[in-house]
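Let us walk through this predicted model, beginning with charged side chains and ending with the packing around a helix.

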Amino acid sequence: MWFKFGYLTLATWQKKTIDELDSILSSFPISSIMLTGGRSASLLYSKWTKTKIFRQLKNVNFYITDDRIVPRSDKDSNYKSVEILMSE
């Protein structure tokens with residue numbers, strides 16, 4: 001069940017992924033999400049953070065992964081890109 005969407009347009013992929021995330025998050029009183037960097041994740045976060053459901057999230061812990069050993073301020077830092085996208 002988890003993200004088996006095959007080949008889709010960007011808009012369809014974003015919608016299906018966001019719907020799946022919303023469904024999972026609404027099923028548990030407390031949730032944790034590991035956020036990654038990268039182009040695909042950035043495309044998802046930029047859409048998801050604008051949804052009403054995202055803005056109303058409660059009891060969700062976000063954790064950021066970054067396999068790059070660079071300062072947070074570095075242009076290649078996943079932490080920096082996630083932080084910027086999630087705060088828009």
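At 37% relative accessibility, aspartate 76 falls into the partly exposed class, and its side chain joins that of lysine 75 in a salt bridge with an N to O distance of 3.4 Å. Lysine 75, for its part, is exposed, because its relative accessibility of 71% lies over the 50% cut-off.

How many salt bridges does a search of the whole structure find? There are two, and the other one links the side chains of lysine 15 and aspartate 19, where nitrogen and oxygen are 2.7 Å apart. Both lysine 15 and aspartate 19 belong to helix H1, which spans residues 10-26, and they are separated by four residues, or about one turn of the helix. An α-helix has 3.6 residues a turn, so residues three or four places apart point the same way, and side chains of opposite charge can pair when their charged atoms come close. Lysine 15 is exposed, with a relative accessible area of 52%, whereas aspartate 19 is partly exposed at 39%.

Helix H2, residues 39-48, brings us to buried side of the picture, since Ala41, Leu44, Tyr45 and Trp48 are buried there. Viewed down the axis of H2, these buried residues fall within an arc of 95 degrees, and they therefore line one face of the helix. The elements against which the buried residues of H2 pack are helix H1, strand S1 (31-35), helix H3 (52-55), strand S2 (60-64) and helix H4 (78-86). Helix H1, which holds lysine 15 and aspartate 19, is thus also one of the packing partners of the buried residues of H2.

Notes. Residues numbered from 1 in each chain as written. Predicted model: local features only at pLDDT ≥ 70, side-chain atom pairs only at ≥ 80, totals over all residues. Heavy atoms only, no water. Salt bridge = Lys/Arg side-chain N within 4 Å of Asp/Glu carboxyl O. Helix = DSSP H or I, 4+ residues; strand = E, 2+ residues; numbered from the N terminus. Buried < 20%, exposed > 50% of the residue type's maximum accessible area, 1.4 Å probe, protein only. Arc of directions from axis to C-beta. Contact = heavy atoms within 4.5 Å.
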